[in-house]
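Hi there,

Here is the structure I promised to pass on. Have a look through it first, and then read my notes underneath.

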There are 2 protein chains.
Amino acid sequence: MTKKTNKIIEPKILRGTRDFLPEEMARRNLVQQKITSVFERFGYDCIDTPAIEYAETLLGKYGDEGSKQLYRFKDNGGRDIVLRFDQTVPFARVVAANYSQLPMPFKRYQISKVWRADKPAKGRYREFTQCDIDIIGTKNLLAETEIAKAMLAVFEKLGFKEFIIKINSRRLINSILDSLMVKQEDQPAVMCALDKFNKIGRAGVIEEMKLICDEKTIENILDATLLTGTNSEKVEKLEKYDIQEVKNFLRLCSQAGISETFLEFDPSLVRGLDYYTGIIYEVYVNGVDIGAVCAGGRYDDLCGLFTQEEFSGVGVAFGFDRIVVAMETLGLLNDVRLNSEVLVIYFDEETLPKSLEVWNQLQSTGIDTEIYFEPAKLQKQFAYANKKKIRFVVLCGPDEVKENAITIKNMDTGKQKTIPQSQLDSYFKGYTNL
Amino acid sequence: MTKKTNKIIEPKILRGTRDFLPEEMARRNLVQQKITSVFERFGYDCIDTPAIEYAETLLGKYGDEGSKQLYRFKDNGGRDIVLRFDQTVPFARVVAANYSQLPMPFKRYQISKVWRADKPAKGRYREFTQCDIDIIGTKNLLAETEIAKAMLAVFEKLGFKEFIIKINSRRLINSILDSLMVKQEDQPAVMCALDKFNKIGRAGVIEEMKLICDEKTIENILDATLLTGTNSEKVEKLEKYDIQEVKNFLRLCSQAGISETFLEFDPSLVRGLDYYTGIIYEVYVNGVDIGAVCAGGRYDDLCGLFTQEEFSGVGVAFGFDRIVVAMETLGLLNDVRLNSEVLVIYFDEETLPKSLEVWNQLQSTGIDTEIYFEPAKLQKQFAYANKKKIRFVVLCGPDEVKENAITIKNMDTGKQKTIPQSQLDSYFKGYTNL
């Protein structure tokens, strides 16, 4: 590295986008691998769709209203393009275009980047990762059950000890509001108010509802939805409403081995104004104030934009970035290392052939091993190993070459040891899990 | 799935972009996992950069000339944006912005999508995957050696038997052309002609060179570069030129265990008009006429756009899409399956609890298992298993429930067998590699 002078460009990136350097990337990759392994355990297969699509295709659902949040532009051929803003519309398109050749019901996962032309803020990015599973082509509640089981398995696999999958039914909410004579056209606003319970509290919800309902109705709504007790106690209190779906779902969950410790029926759960039609879910992690880390539910007619065939589905999105933050906060990613296990020292030109031989030997026994690229001072090479958190440094200097030996330094303990080269493989067999 | 009528949008995608359905994605994921595992074996760490960047940042190198090939647009805030078109410029930016906190030399891999507003054609896409490794911050030839060793390891890991890493030195080419009195300003055109040897043959190359050099010079250039024989025979013939770098590199490669079977010194290799300054590489696979599947070389001052610090580096890009095509052509991806190993049949409502129990049991022993979502006809459920190439189907009908037994059908052989439920785990232990 020598100095020179010429005009330089500031190496900056757009606000709301991120570079991920090795240590952060190692943590993200580990999280993604663990999530993916659970998806595969349940038989979800991976698909991928283009990041750029025709605006007309992706915007059918949102029209011009959503377009302020979109990266939308004309390409060189004058085509109207948008960057993918979620994975749901592309999934619907893929199913509509390919359903005759897909296994049905169709289960897929997709983990990819999406883009939103949002104002960036803490935890809100213009480019971020979405991570979805969906089942399409069945109305059976067993699909909802499997999704709940998969959510549970993901958060267990990631090492979370205390978390809760909250569930509710849109059918139930609608039946409560219908029974309490809330007019169809007022129901969205009432649900919207209820959805803010965690943010604005009981008093705030009442304040908002007053714009729509009389006080008696509000009281009835809150009595029906803000319940305490076990899941079955809550179910019992709601027998006069359309509770059958929730009952069946909870029974299936129990048969599928999902403990109530992790599954809470919350009749006040609304899940925004989205297109859900049946069971809805949200997952919260104790000890991290970051909102839902996973959410979704049953939706009917997902592919209606693209085909006359009707497909009902159920799916959830895992908040990848939030999950990483939650795990970092709880110390679940403290032990993540970079890739190398061993650094072979480049002592000098004379001994380099032996060092190359040792490098070969370690690599061919399956140990992630690198060699330093220059005959730099030992101190500098050790510093490199420390910076990359490499656990072992292997040295073949003139003394070692003479005696067919290897000196190994454990960088965690600082201890070092000289052994015959022939014992190298067996030495490392005990230390690595490769 | 029931029919309905309303206006539908054609579920089409842009030419030059692709949806990847599960079977293709399974193959791509396997290829990526294998490549990644080799990168990690050599101590390359993963980084990621945004897909959208300031045009000014990414275009410094190409100016307006390259911009026809780019997706470039103004965002809602009027910022001039481009989609990432390679991983090299973003890597240079990352190094320039972070070098004081990175380990040096710095080794990274990046596998991500890039976008080119090219005319789509067979094998040329507007959105495709790049897969790069680079070492930055050392001028030592050991870096070139490691890259060659990593290339070899990648193609071996992927299962290729016959492939060749061609190498040459830009220093050598320049010294040949200097010695033969080709003027500095004519050298790029001469190299460009030579680079087309595989496409247009000896006669074509001579035709092109005639526009620049006299016939004697052309003959000398071809005599010096179109050599046959072993690597050391070629080296010997070029002793009067600047051959030292090639000699040292070949010696290091040999010490690092790279067999000459896979490494060919080709003095006519040019590697386009790119910014290389030392050793260059191209990898070809026998039996697949698809061009180079991996290429790169040494470049000086990669980060010059972004910083006054000078960084020399060496790196190669693996042609991910070409590698997948080559592997498919050679039958190296024929055995790739989707994720599920076992499908549990949903026989009827009565027996569902037992089926759920068996599903739990298999999953908790680490076997990728799914359950069918509806009590459909057995034929339909078997067809689903066949479509997903699921190897085993497990049935717990009324007879099985009565006797605490399980019927297992091997979908590959068609054979079936009824065993006590207690033997389920041990039955599958022999069949799966999980």
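Below is what I found, going from the pair of chains down to a single residue.

Please keep in mind that this is a predicted model.

**The two chains**

Let's begin with how the copies relate. A turn of 180 degrees, with a shift of 0.0 Å along the axis, lays chain B on chain A with an RMSD of 0.0 Å. The two copies are thus related as by a two-fold rotation axis. If you want to find that axis on screen, go to F73(B): of the residues of chain B, this one comes closest to the axis, with its C-alpha at 3.1 Å. The copies meet through the same surface, because 99% of the interface residues of chain B are also interface residues in chain A.

**A helix with two sides in chain A**

Next, have a look at helix α13 of chain A, residues 378-387. Its buried residues are Q381(A), Y384(A) and A385(A). Seen down the axis of α13(A), they fall within an arc of 100 degrees, so they line one face of the helix. This fits a general rule: an α-helix has 3.6 residues a turn, so residues three or four places apart point the same way. Among the elements covering the buried residues of α13(A) are β12 (342-344) and β14 (392-395) of chain A. On the other side of α13(A), Q379(A) and K380(A) are exposed. Just after the helix, K389(A) takes a positive phi of about 50 degrees.

**A helix pair in chain B**

In chain B, helix α6 (residues 187-195) packs with helix α7 (residues 197-210) at an angle of about 140 degrees, and their axes are 7 Å apart. Angles over 145 degrees would count as roughly antiparallel, and α6(B) and α7(B) are therefore oblique to each other. From α6(B), the residues in the contact are V190(B), A193(B) and L194(B); they meet F197(B), V205(B), E208(B) and M209(B) of α7(B). By class, this contact has six nonpolar, no polar and one charged residues.

**One residue in a strand**

Finally, V316(B) sits in strand β11 of chain B, residues 313-319. Is V316(B) buried or exposed? V316(B) has 22 other C-beta atoms within 10 Å, and a residue counts as buried at 20 or more, so V316(B) is buried. Leaving aside residues up to four places away in sequence, V316(B) touches I133(B), I147(B), M151(B), Y281(B), C294(B), A295(B) and G296(B). R298(B) is 18 residues from V316(B) in sequence, and their C-alpha atoms are 8.9 Å apart in space.

Happy to talk any of this over.

Best wishes

Definitions and conventions. Residues are numbered from 1 along each chain as its sequence is written. Chains are lettered from A and ligands numbered from 1 in the order in which they are written. This is a predicted model: local features need pLDDT of at least 70, side-chain atom pairs count only at pLDDT 80 or more; totals for chains, interfaces and linings use all residues. Copies are superposed by least squares on the C-alpha atoms of residues with pLDDT of at least 70 in both. Two residues are in contact if their C-beta atoms, placed from the backbone, lie within 7 Å. A residue is buried if 20 or more other C-beta atoms lie within 10 Å of its own, exposed if 12 or fewer, and partly exposed in between; C-beta atoms are placed from the backbone. Helices (H or I, at least four residues) and strands (E, at least two) are DSSP runs, numbered from the N terminus. The arc is that of the directions from the helix axis to the C-beta atoms. Axes are lines fitted to C-alpha atoms, for helices over the stretch in contact, and angles run from 0 to 180 degrees between N-to-C directions. Angles under 35 degrees count as roughly parallel, over 145 as roughly antiparallel, 65 to 115 as roughly perpendicular and the rest as oblique. Ala, Val, Leu, Ile, Met, Phe, Trp, Tyr, Cys and Pro count as nonpolar, Asp, Glu, Lys and Arg as charged, and the others, Gly among them, as polar.
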